Amino acid sequence: MSLGVLVSSPASAPPTTEAPELDPRTRRMLEAPLAPLLLRMAAPNILIMVAQASAGLIETWFVGRLGTDALAGMALVFPVVMLMQMTSAGAMGGAIASAIARALGRRDRAQAESLAWAGVWIAVAFGIFFTLALWWGGAALYRSMGGEGASLQAALTYSHVVFGAAVLVWLFNALSAVVRGTGNMALPAQVTTVGTVLLLPLSPLLIFGWGPVPAMGIAGGALALVLYYLGGTLALWTYLRSPHSLLRLTRQGLQWRRALFGSILSVGLAAAVSTLATNLTIGIATGLVGHFGPAAIAGYGTASRLEYILVPLVFGLGAPLVTLVGTCLGAGDRDRAMRATWIGAGVAFALTETIGLIAALFPHAWLGLFGSDPAMLETGAQYLRIVGPVYGFFGIGLALYFASQGAGKLAWPVGGNVARLLVAGVGGWWSLQSGGTLSQVFAAQAVALVVYGSMNALAVAGGVWFGRLSWTWPGIRRG
């Protein structure tokens, strides 16, 4: 080779630009062994779920000391608070984490920071919506749920304080999602855990009063919860403004581009429909079971609480799955995204199926925690024996829903949840119309769970993330 060639070659080559260096946390999601990585990322999220559940139990226990009316009032508000929590943390929070993870996988940190700002403003807008809706319509809603007299007044007192600060709940969950989208699962867990520890003395202090602090009753319990979210929001905001964060909420990242909001809302709103369908399924089932009397309602309601426990358990796996899948797809590594998906789905199936089988074999171990009425125990045991053995399908369907959030493709998981709603509702209604038994109503719910899990699994395996449904099983070809 001549000297002339050596000299001219660099000049004739096209200019190249080096891709931004990957953050070590992002690189770990793209290169570390998947199963140990997923389990390590899941552990803090499970801690979050335990801490948040503990916060609710702590507050309920103290409010219960005020009497039956206060406890009934809080019970009226609880489902609406849970809907807001599931929508802000699971549906819209998952969409925020997914969008940020995909941007970081593409090594586009600037867009990830702009997406974080978009998530913040979406949270503010939804928080204001919940405040206005519950301030104006709360009384009618709680009356329709059976509230009256002192219990209705207690519900309104609690509701006005909590939903008056709905923006804080939404911001807390949005900022947690931003941090999770970077692969940092530990910080939201630490903030939540510290907040729960501080809530333990704060709730009784504000409810019952002490020294110069006046007793506020049920309003004090609501205020303690608001302060919990305020402290958590400030802690997360401070972190995201500091140099320790992979993403920083600086003025430079604040943009008002429709595409930024659209990438979050397109996934978040679809996820909200799925969340609503899940709660509606249980609500319709409760109405169907109600035809068999109050004891049947009590038994079904007690037994089906187990499903609500499975949701945060799978969320512990699902939150890191959102980030892993989003990061891998953003980096163009479809195979790794699919392998992470099936590992997470397999673990979720194993956990939920094990719990379901134990509940089916020993139903009174769960039911006995809530009461000893023979009719309640009989109905609850019947439900667990029929539906418990297929809880694994609920677990795999929910895990694939979270993975699909990471991929930004939620049409099939939402369809699966709607199909579950239709099978459980129509099947249960048909059994009642044809003079069927309570076991047939429960059988319809079991079939609905099988349909939900199977539909999600077949869709993801069939490649709906990458185009039209086919049976090429993308990402499974490599070991």
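Met41 is found in helix α3 (residues 34-64), where helices (H or I, at least four residues) and strands (E, at least two) are DSSP runs numbered from the N terminus. The model is a predicted one, in which local features need pLDDT of at least 70 and side-chain atom pairs count only at pLDDT 80 or more, whereas totals for chains, interfaces and linings use all residues. Residues are numbered from 1 along each chain as its sequence is written, and side-chain values use heavy atoms, with hydrogens and water left out.

With a relative accessible area of 7%, Met41 is buried; buried means under 20% relative accessible area, exposed over 50%, and partly exposed in between (1.4 Å probe, protein chains only). Residues up to four places away in sequence not being counted, Met41 touches Met29, Gly183, Met185, Pro320, Thr323 and Leu324, a contact being defined by heavy atoms within 4.5 Å. Met41 and Ala319 are separated by 278 residues in sequence, yet their C-alpha atoms lie 8.5 Å apart in space.

Two further residues were examined in the same terms. Asn417, placed in helix α16 (residues 411-433), is buried at a relative accessible area of 2%. Apart from neighbours within four places in sequence, Asn417 is in contact with Ser274, Ala277, Thr278 and Tyr452. The C-alpha atoms of Asn417 and Gly453 are 9.0 Å apart, with the two positions 36 residues apart in sequence terms. Arg334, in helix α12, is partly exposed, with a relative accessible area of 44%. Its contacts, neighbours within four places in sequence left aside, are with Leu329 and Phe466. Arg334 and Trp465 are 131 residues apart along the chain, and 9.8 Å separates their C-alpha atoms.

For the protein chain as a whole, 17 helices and 0 strands are assigned. Of its 479 residues, 52% are buried. Among contacts between residues at least 6 apart in sequence, 81% join residues at least 24 apart. The accessible surface of the chain comes to about 20,900 Å², and carbon and sulfur atoms account for 69% of this area; accessible areas come from the Shrake-Rupley method with a 1.4 Å probe, and for residues only the protein chains shown count as cover.

Aromatic pairs were searched for across the whole structure, and 12 were found. Rings of Phe, Tyr and Trp (its six-membered ring) pair if their centres lie within 6.5 Å, with planes under 30 degrees apart counted as stacked, over 60 as edge-to-face and the rest as tilted. Phe349 and Phe393 form an edge-to-face pair, at 6.2 Å centre to centre and with 85° between the planes. Phe349 lies in helix α12 (residues 334-361) and Phe393 in helix α15 (residues 391-407), so the pair ties together parts that are 44 residues apart in sequence. Both rings belong to partly exposed residues, the relative accessible area being 33% for Phe349 and 26% for Phe393. Tyr383 and Phe442 form another edge-to-face pair, with 5.3 Å between centres and 80° between the planes. This pair links distant parts of the chain, 59 residues apart, with Tyr383 in helix α14 (residues 374-387) and Phe442 in helix α17 (residues 438-461). Tyr383 and Phe442 are both buried. Elsewhere, ring pairs link Phe126, Phe129, Phe130 and Trp170 into a cluster.

At the surface, Ile128, Leu132, Trp135 and Trp136 make a nonpolar patch of about 490 Å². Patches are made of residues with over 30% relative accessible area and no salt bridge, like charges being joined within 9 Å and nonpolar side chains (Val, Leu, Ile, Met, Phe, Trp, Tyr) within 5 Å; a salt bridge is a side-chain nitrogen of Lys or Arg within 4 Å of a carboxyl oxygen of Asp or Glu. Trp135, one of the patch residues, lies in helix α5 (residues 109-144) and is partly exposed, at a relative accessible area of 44%.

The loop between α4 (68-105) and α5 contains Arg107. Although not a glycine, Arg107 has a positive phi of about 65°, and at 35% relative accessibility it counts as partly exposed.

Helix α6 (residues 149-164) has 16 residues, which at 1.5 Å a residue should span 22 Å; its end C-alpha atoms are 22 Å apart, in agreement. The expected span is 1.5 Å times one less than the number of residues in the helix. Buried positions in α6 are Ser151, Leu152, Ala154, Ala155, Leu156, Tyr158, Ser159, Val162 and Phe163.
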